[in-house]
Amino acid sequence: MPRTALDPLFTATDAPGGFTERHLAHLLAAASAAVTVPGFLGRRTCADTLAALNRLPTAAYDLARVPTPIARFGPSLNDYRSPAGELDAGRYWRAAEAARISWQRARLRPDPVALSLARLGSAWGSPVSPATIGGRPVFAGTLREINEGTLLHYDDVRREFPAGLFDQETVAQLAFNVWAAVPASGGATTVWRHRWDPADEQHRHSYGYLPTSIERCQQVSLRPQCGGALLFNPANFHQVQANPGQRRIALAFFLALTTTGQLITWS
């Protein structure tokens, strides 16, 4: 069997100096696989975030939809999507407001979400704004504990809500994670050089896909580091490796480039 040719651009970049406009542009343009920044958050901020998690209301995903147990704080828009790809707005806005109040009461200083968005905005050259729906800003910044891994999947808000969702028109999407707790082993995020194709539906499994959908596809794997940040394009198939018996806790949100050149965020 002939060896699969490799894309020389599909590599992970370690950026000790922080994210730059070039990093974000290459990821948005599919000219890079991932960018990691070690020490993005200090250990004190990570410890404060973990302490706050114990005070925040957390819930598990519905196991009928997400078969691996994942605890999280904060609503994700996809949790409120109907089978027809529409948002259950009433439930979502109630959950978003409750999460905002809980986050404010946690009184994290510095606020790791605000700090992360400010640094990403500085790299891009303009502030990151919340995505809006009917003029209302959505919630951004979930905390998720993923210890038993995830299914192979992709994220693309334009496919999840094909009739449109945000007031802003988006061009490309990125996923941001920064780890507040990491396991001694396991827990890596693997990103494949493969985007959804209609033929992938024969490999569908629950919300994700079977490994047969990415056979022989190029990949990169990123080990989590406490305080380290990861930015990648989630339209590529990706998966989190299990780390049973250990804690892997990350702050996460999405970014998107709009047709006006701005970055918006949501969870």
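Here are four short exercises on this structure, each with a worked solution.

Before you start, note that this is a predicted model, where local features need pLDDT of at least 70, side-chain atom pairs count only at pLDDT 80 or more, and totals for chains, interfaces and linings use all residues. Residues are numbered from 1 along each chain as its sequence is written, and side-chain values use heavy atoms, with hydrogens and water left out.

**Exercise 1. Check the length of helix 3 and find what its buried residues pack against.**

- Helices here are DSSP runs of H or I with at least four residues, strands are runs of E with at least two, and both are numbered from the N terminus.
- The expected span is 1.5 Å times one less than the number of residues. Helix 3 (residues 89-106) has 18 residues, so it should span 26 Å, and its end C-alpha atoms are indeed 26 Å apart.
- Now pick out the buried residues (under 20% relative accessible area; exposed is over 50%, partly exposed in between, with a 1.4 Å probe and protein chains only). In helix 3 they are Y92, W93, A96, A99, S102, W103 and A106.
- Among the elements these buried residues pack against are helix 2 (43-53), helix 4 (112-124) and strand 8 (142-146).
- Just after helix 3, R107 takes a positive phi of about 50 degrees.

**Exercise 2. Work out which residues touch the most other members of the largest nonpolar core.**

- A nonpolar core is a set of buried Ala, Val, Leu, Ile, Met, Phe, Trp, Tyr and Cys residues joined through side-chain atoms within 4.5 Å.
- The largest one has 68 residues, and F19, L77, Y92, F166, F176, L231 and W266 touch the most other members.
- Take L231: leaving out residues up to four places away in sequence, the residues L231 touches (contact means heavy atoms within 4.5 Å) include F19, L120, F176 and L255.
- Apart from this core lies another, of six residues, W192 and F237 among them.

**Exercise 3. Place Q225 and decide whether it is buried, partly exposed or exposed.**

- Look in the loop between strand 13 (219-222) and strand 14 (229-232), and you'll find Q225.
- Its relative accessibility is 42%, so Q225 counts as partly exposed.
- Setting aside neighbours within four places in sequence, Q225 is in contact with P38, W179 and V182.

**Exercise 4. Find how far Q225 is from R55.**

- Along the sequence, Q225 and R55 are 170 residues apart.
- In space, C-alpha to C-alpha, Q225 and R55 are 24 Å apart.
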